[in-house]
Each structure stands twice: as C-alpha cells, then as structure tokens.
Amino acid sequence: MLLDGLRSGRRPATWAQKQMWVYLRWMEPEASRHNITMTEDVVHAETSLAGVLTVITTVMRRHESLRTRYRLDDAGRLLQCLSPQETVTVSACEAGGVATSMGSDDSVLLEELHAAPFDMAKDLLIRWMVITRDGAPVRIAFTAAHIAMDGTAAMILRRELGSLLGSQDTAVAERSLGAPGRQPFERAEFECSVSGRKRSGRAARQWRGILEGMPRTLMSVDHSPEAVDPRFIAGHLRSRALGPALRVLARRLSTSTTNVALAATAYVLARAGGVTRCAVALVYSNRAVPEDERSVATLVQNVCAVIDTSRPNFGELVDASRRAALQGYLSGPYDPVLIDRTRDEIAWRRGIEPDLSTFFNDIRSLGHLPCEDVDDDEMSAEDIRKWSRGSEFTWSPGVAHEYVRMSVLLADDAPGWTRLGVAADSRCYPPGLARLIIQGIERVVVAALDDMHLDHLAPEVGVSPPARGGDWLVVEDAWVDTGAVHELVTTATGCRAEDVSVSADDGLLTVRLRSGDTVLTPELAHAACMRELLSDRRSAHGAETEPVLPRMWLGEAMAPRWPTAMAPQRYMIYACPQDGPEGCSPVWNDGDLLADGPGRSR
C-alpha cells in the first residue's frame, strides 16, 4: 500500500525515544523479545480484505510514530525522521489448524511475525499481517518495535482497530475516534520549549531527592561469576490465590492492587538483602496530561521508588509504598541526559554508584485500578489459603540482561489465575533464593488477610537475611564489604595492598593510605576511586565528552561494577617513613599524617 501526502521532516528525538533507542541499540540490537505483538479479530464476516487494508491505512496515517525512523546527526544527536511517502507491506496468511473459542490456531504465524528484529534507521517499525480462513480475513495482527509504541499505546491501537473493523464505514468510525493523541514531533517541540525545560528541571530536582536518599544497593554480591551456571535465570509462579488476595487487601486499604503487590515485593526483597529500605525501578507511562492519554507512541520511562519497609504493620507499608511510587512518578517525564549529570554529581559526592537494577512491573490489564470490577466479597481467607497450596512454580530459560539483577513481573494468566514472574542474575540471587522470593511475595499477601503485623508476617516470607562476617559493614543503609573497598582503593590509586587500611571511624567509612612515591591528596584519591567506580558507564559510548545520549539505564550504569564496595567517606594520607628496615611501618602514626578529608571538593 502506498501512503503519500504525509508530513515529513526531522525533529530531535523525545526523551523517551532517546532512552529506548539507547536501550535497544546498545544493549540488544539483534533482539526481538521487546517487540510488541497484538491481534484484533475481524468481527463482520462480510468484511473484505480491501476493507481490512483500509483500516490499516487509516491507523498508519493517524499515528506518525508508526512511520518514524531514527538516525544520528553529525554531532551524535538522535533524530526522529518522517518521510512524505511510505510503502506499507501487509502479509496475508491462511490460518492453520482449526478455529477454537480463542480464535484461529495461528500461533506459529504470530511467532514468525514477532521474531524478526527491526532496523530503526531503515525499517518501518511496525509489521502487519492479515490472517485469513478460506480466503476471508478473520484477524489482524501487528508487531511493533518498542521504540514505536509502549504497552499502553499498543492497547490504544488495538482498540482503534476494533472500532474501525466493527464499523461498516471506516471514515465515520475514524471521526468517532476523535483526534489522535499528541504526535512525537509535537512532543519533541514541547520538550525543547521553555515549558519543557522547566518540566525537566522539576523532574531533575525530584530525581536529586530520590538519588540522595536511596540506598547504595539492595543486594550486595559476594558470589564468584564463574561459580554460578547458568548466570541468568527466570521462572514464574502461577497462583489462583494471589489475585483475590490482592483485591481483598486493596479494598480493605482503599488502594490499588499494584500498591499491595509492590509493598509485598519490597518487604521480601529487603529481607533477602538484610536491609530496611528497598530501591525499586518502576515503569511509568508518562500519560498524566490529556494530550498524551491517547498517544500511540513510546512514552514510558523508568522511575525509582525508595520504600522504607521498617513499618509495624502491612497497611502502613502499603501506604509507604504508595507514597514512594508517587514520588517516583513525579520524577517523570524527564530528560535522561540531564538526569545522567545529576546522577554523576550525586555519585561523586556520596562515593557510590546507585544501584538501579531491581525492577517491579505490573502489566495486568486491570492492575493500576483502585478497585477492580471483580467480586471477592464472599471469598474467605481460608478459601484463598487453600488455593495458595495449588500454586505452581516453573523455571523457564533465562535471558542475559547485564543490567538487571532482579525483576519481578505481575501479569495476567489464564482466567482466574495470576502470574508472578522473576528474572534474576544468579550471582546475586541464586536459583533457590529467587524462587523463595517469588513464593514469599505470595505468602506475605495471603497471610496479611488475617494478620497485618509485619513481625508476624516475617516467618511467612521464608527468606532470611544473609549471614555476613566481620568484613561487612552497614553504611548508609547498605552492606559494604571492607575487603572490596580495600581492593577498589588499591586498584584506583596504585598503592600497595599493605599501604592501605579500611575501617569504620566515627561512623564513617575511612581509608588510611601511605602515599610512598606517589603524591596523593584526599581529592586525588577520591577522584581515582570514582573513576574506577564509574569506568564502565563512562566508557559505554567510548568517550568522556559531553553526552548527547543517555547512559543512565545502560548496562553497568544500572548494575554497578563494584556491587559490594563504595568510595571511602574519609581519606587519611600518611607519609612513608624512610628509616624502617622493612619499608613502611604497619603502625599508623599521627605524626606521619599528611592530609585528612572527604576528598569531595573539585
């Protein structure tokens, strides 16, 4: 099909497009697993193939994101590009098998449609298929690149297809849909405007508060990468009890089921890490204003919720989770390049690489609603407990995600069932622990139906804080391995191992160093440590120059290279005595102290 007379031109990529482009281009350029595939039935038997093609033409004209390609300019800036004319290819495939109550048996066709990756610079980022039976169209299917649309946009497009297919007159049906949501070109113009810059500034201030208060990491790692095989694991729990339990608690607490599930997840993860605060990355739709509500584009960005789990009862924990999530949502939409700078500044001052590698995502069709339209009032807690005994955990092939340590996914399953999925890096969460965490989330939710006291719920979790020896300290509500700090300092500064000592003095993580022949100051020592901490993230684009693309959610930027270490909070630099027969004395003499300070000034 030929589409002409289209708007054309180039604009800067939107904030969400930049973030998604970096994610897809750098992390998984050949992967198709993030493609979005959906279908919509052709409800009228008299609808012809030509009528279906008219419907596809209509939505392709309505939504420019379906016709957008992405290119870098000479300065390395990402552009979104529209052409005045496009050729849209639609494949027509005869369905195999027999028709069922769920529709045609066309899973093989859909797998083939989904499987191929997109070239974001050359391809139309949506593929269409019309599935026929005996030559008559019975279903439309599409697969889109995630940069063309997010999950909400895919549902909007699917609803539009249903409305257009359900009408005898496509033009009338399109008018009934109203104007499409804001197009990406207009979104980019807003983001570049004075109002957009102000919005980004407010988001950066919100991010600053979150990053300044978040714990350094959730789960400190002390596993050898070679000791765990396979490294990346995945599985899911199918539960008939979880959905009703979430709904009952949500009604009781006047909140959403998502908030209840997030609270239970944070509680179990915090116990697994032996900490009280849990930093979780959430996926935010960024559709808070009317012009974006019906936008078919990718608007989602990751935000962060820092949840304090040290509450006396589960109801207060759910409220704390709700408020933490709202704080996170206020940090979007944001310019990821600006947040990169904010993050680097705070990382330097705190001496940490904030860990943004733990995810929670609720993709259920009704998960975000305060009160789902399901009646569980006659269901007793005992009934739900009985159902929980039939929950089944199943392992599935893991997918290599260098940037994800733990991901918890809440999804719909077969009618009456809920799926709680896990994907984890087994260096941090060995298979047994990952399984216990997912089962523990269900157990906490079900147990809270009868007793909300967290002290009473703790045994239900089935996960105990890890045992750590004397080399571990709690610093800023996260565990730190002083041995790893020692290695970080020696690697960064070039000092000999015997010339470095790490301790906790007056509540501060303190390092004592002998400078030897190297001139060291607290500032130089801290700069060296931070270069080592941030080296993987800074080298992701191969340069230290001012970035024009975001790094924040790129690879090791989210899962720090030194997960058990942080830069010291205090640097004490000593001279090396020249009269010792064996070199420097192992005693740290006050008279040899040359400099003492945090090293944070630049």
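At the start of helix 16, a side-chain oxygen of Asp 481 comes to within 3.0 Å of the backbone nitrogen of Gly 483. The model here is a predicted one. Helix 16 covers residues 482–493, and its length works out nicely: at 1.5 Å a residue, twelve residues should span 16 Å, and the C-alpha atoms at its two ends do sit 16 Å apart, in agreement. Its buried residues are Thr 482, Ala 484, Val 485, Leu 488, Val 489, Thr 490 and Thr 493. Just after the helix comes Gly 494, with a positive phi near 80 degrees.

Stepping back to the whole chain, there are 17 helices and 22 strands. Of its 602 residues, 54% count as buried. Looking at contacts with a separation of 6 or more, 78% come from residues 24 or more positions apart.

On to the nonpolar interior. The largest nonpolar core takes in 77 residues, and Phe 314, Tyr 429 and Ile 437 are the ones with the most contacts inside it. Helix 9 (residues 257–273) is the top contributor to this core, supplying eleven residues. As for Phe 314, once neighbours within four places in sequence are set aside, its contacts run to Leu 249, Val 260, Ala 263, Ala 264, Val 444, Ala 448, Met 452, Leu 454 and Leu 457. A second core, separate from the largest one, has 30 residues, among them Leu 66, Trp 128, Phe 142 and Ile 156.

The aromatic side chains come next, with five aromatic pairs in the structure. One of these joins Tyr 284 and Tyr 329 in a stacked arrangement, with 4.7 Å from centre to centre and 20 degrees between the planes. Tyr 284 belongs to strand 11 (residues 277–284) and Tyr 329 to helix 11 (residues 314–329), so the pair ties together parts 45 residues apart in sequence. Tyr 284 is buried, at 15% relative accessible area, whereas Tyr 329 counts as partly exposed, at 26%. Phe 393 and Trp 395 make an edge-to-face pair instead, with centres 4.9 Å apart and 80 degrees between the planes. Here, too, the partners can be told apart by accessibility: Phe 393 is buried, with a relative accessible area of 12%, and Trp 395 is partly exposed, with 38%.

Two arginines also have a tryptophan ring for company. Arg 238 lies over the face of Trp 417, 4.4 Å from the ring centre. Arg 468 does likewise with Trp 472, at 4.9 Å from the ring centre.

Finally, there is Ala 16, which has its place in helix 1 (residues 15–27). With a relative accessible area of 6%, Ala 16 falls under the 20% cut-off and therefore counts as buried. Leaving out residues up to four places away in sequence, Ala 16 touches Thr 298, Leu 299, Val 300 and Gln 301. Its C-alpha atom is also 8.1 Å from that of Pro 333, a residue 317 positions away along the chain.

Key. Residues numbered from 1 in each chain as written. Predicted model: local features only at pLDDT ≥ 70, side-chain atom pairs only at ≥ 80, totals over all residues. Heavy atoms only, no water. Helix = DSSP H or I, 4+ residues; strand = E, 2+ residues; numbered from the N terminus. Expected span 1.5 Å × (residues − 1). Buried < 20%, exposed > 50% of the residue type's maximum accessible area, 1.4 Å probe, protein only. Polar contact = N/O pair within 3.5 Å; in protein donor to acceptor, adjacent residues only side chain to side chain. Phe/Tyr/Trp six-rings, centres within 6.5 Å; stacked < 30°, edge-to-face > 60°. Lys NZ or Arg CZ within 6 Å of the ring centre and 35° of its normal. Core = buried A, V, L, I, M, F, W, Y, C linked by side-chain atoms within 4.5 Å. Contact = heavy atoms within 4.5 Å.
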